[in-house]
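Please have the sequence and the three-dimensional view open side by side while you read. The paragraphs below walk through the fold one part at a time.

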Amino acid sequence: MKLLVLGLNHKTAPIDIRERVAFGPDIIAGALRDLTKCAGVREGVILSTCNRTELYCATQDGAEDTIRHWLSGFHGVEHERMNPFLYAHAERDAVIHLLRVSSGLDSLVLGEPQILGQVKAAYQTATDCAATGKLLGRLFQHAFSVAKTVRTETAIGSSPVSVAFAAVNLARQIFSDLSQQTALLIGAGETIELAARHLHHNGVGRIIVANRTVERAHDLAAQFDGFAISLSEIANHLPEADIVIASTASPLPVLGKGTVERALKKRKHRPIFMVDIAVPRDIEPEVGELDDVYLYTIDDLQGVIDEGLRSRQAAAEQAEEIIAFHSGEFMAWLRSLDAAGLIQDYRQRAEELRDEVLNRAQRQLDAGKSPSEVLSFLAHTLTNKLLHAPSSRLRQAARDGDAEILDAANELFQLDQTRASATAS
């Protein structure tokens with residue numbers, strides 16, 4: 001069987017195409033069953049996130065075109081419309097691609113950790129659907145192990161490279177244990193959603209989402225077991241907040257110095273960490289003058305982000321070296337499967353020849369021939385039968401001048417050592 005990855009991602013396809021070929025959790029089990037019924041497809045895993053849709057398959061030769069048409073047909077997208085955006089990786093390139101994806105090297109945000117959990121979930125779904133076997137099972141377990149090695153041996157995930165990640169990273173430095181803290185998120189856009197995800201991933205105690213449209217705040221808060229409030233309710237809940245991250249489109253500040261002062265009194269001056277990501281600013285600059293407030297703006301975070309990106313790029317180079325080495329390891333295992341099958345076939349053929357010659361020898365014994373004569377026949381005939389095909393191939397190689405086969409036979413049967421021993425004797 002051959003390894004094949006077929007897919008598209010944020011680098012190759014616009015969002016309108018990615019949306020049309022995404023697999024929701026409610027259809028993925030049926031899709032896996034359908035995919036593995038395709039001609040030439042023996043195993044399959046479907047990885048579908050907001051940034052990528054990828055099919056990992058164990059196939060027979062010639063299955064790539066079948067899978068391309070299956071993907072477009074399953075989603076009802078014209079093949080000619082979708083095909084230019086697809087990439088395909090086979091064998092070692094497929095292995096390297098999965099290792100890079102699992103390690104966060106192929107993500108929109110370099111080194112982001114969420115993708116590994118998504119890959120694990122995709123593999124578990126495929127396993128639950130009996131869509132995986134020996135080949136993909138070994139490949140994905142190998143990918144999980146390599147991703148862990150990349151995380152522990154490089155700094156790929158330690159430095160912030162987005163505003164939201166930088167904000168949460170600073171919060172972790174100020175409050176070492178986020179599980180005891182409450183975060184107030186002001187706004188409900190993409191940056192605030194990403195900040196919520198990072199906070200939730202780092203085990204923050206509570207999340208409050210404040211937004212002008214309460215319904216939108218509720219939708220976001222519900223994803224993280226939080227609760228929603230309107231902007232007018234911020235003053236009532238600010239004393240509960242240890243972390244405040246603000247990013248709205250308001251033309252005027254939504255949080256003033258007086259409101260923060262009153263909140264600090266109620267908190268008995270326990271510190272508040274604030275990040276104002278908005279432009280224009282959501283938090284009055286004078287708030288930063290207050291004791292017990294750590295206020296950062298987007299300009300303050302930019303230096304942290306730039307340094308983090310440089311650090312991650314250096315770590316990514318180390319990660320690529322790790323992946324190159326471990327992809328070679330996997331391909332060596334894959335080649336060993338071919339050798340194992342060859343050895344099994346060779347042994348089976350040798351045993352068939354043995355049984356054939358043994359039966360003839362037994363008939364000679366039954367006919368009254370002497371045991372020594374029969375043993376001589378057995379040894380001579382079996383040796384000739386076992387060596388006939390290899391000897392014919394070696395003679396042909398000699399006629400063709402195929403030194404590679406002759407050298408391989410020399411090494412395989414250790415003929416140089418045999419000749420050296422005979423000369424020494």
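What follows is a tour of a predicted model, from a sheet to the helices beside it and then to the nonpolar cores.

A good place to begin is the open sheet of six strands, whose order is β7-β6-β5-β8-β9-β10 and whose pairing is parallel. Its edge strands are β7, residues 227–230, and β10, each of which pairs on one side only, and from one strand to the next the twist averages 15°. In general, the strands of a sheet pair through backbone hydrogen bonds, either parallel or antiparallel. At the β7 edge, strand β6, residues 206–211, pairs with β7 in the parallel sense over four bridges, and Ala210 has Ile229 in β7 as its bridge partner.

Towards the other edge, helix α8, residues 163–174, lies across β8 (243–246), β9 and β10, and runs at about 165° to β9. Helix α12, residues 257–266, has Thr259, Val260, Ala263 and Leu264 as its buried residues. Because these residues cover an arc of only 135° around the axis, they fall on the same side of α12. They pack against α11 (234–237), β9 (272–276) and β10 (293–297), whereas the face of α12 turned away from this buried side carries the exposed residues Arg262 and Lys265. Just after α12, Lys268 takes a positive phi of about 55°.

Elsewhere in the chain, His75 lies in helix α3, residues 64–75. Is this histidine, His75, buried or exposed? His75 counts as buried because its relative accessibility is 17%, and the cut-off for buried is under 20%. The side chain of His75 reaches the backbone oxygen of Arg20 at 3.3 Å; not counting residues up to four places away in sequence, His75 touches Arg20, Val21, Ala22 and Phe23.

The last topic is the nonpolar interior. In soluble globular proteins, nonpolar side chains tend to be buried together. Here the largest nonpolar core holds 63 residues, of which Leu3, Ile46, Ile67, Trp70, Phe140 and Phe330 touch the most other members. Leaving aside neighbours within four places in sequence, Leu3 is in contact with a set of residues that includes Cys57, His89, Ala94, Val95, Leu135, Leu139, Phe330 and Leu334. A second, separate core of 30 residues includes Ala164, Phe175, Leu178 and Val209.

Conventions. Residues are numbered from 1 along each chain as its sequence is written. This is a predicted model: local features need pLDDT of at least 70, side-chain atom pairs count only at pLDDT 80 or more; totals for chains, interfaces and linings use all residues. Side-chain values use heavy atoms; hydrogens and water are left out. Buried means under 20% relative accessible area, exposed over 50%, partly exposed in between (1.4 Å probe, protein chains only). Helices (H or I, at least four residues) and strands (E, at least two) are DSSP runs, numbered from the N terminus. The arc is that of the directions from the helix axis to the C-beta atoms. Contact means heavy atoms within 4.5 Å. Two strands pair if DSSP finds at least two bridges between them. Axes are lines fitted to C-alpha atoms, for helices over the stretch in contact, and angles run from 0 to 180 degrees between N-to-C directions. A polar contact is a pair of N or O atoms within 3.5 Å; within protein, one must be able to donate a hydrogen and the other to accept it, and residues adjacent in sequence count only if both atoms are side-chain atoms. A nonpolar core is a set of buried Ala, Val, Leu, Ile, Met, Phe, Trp, Tyr and Cys residues joined through side-chain atoms within 4.5 Å.
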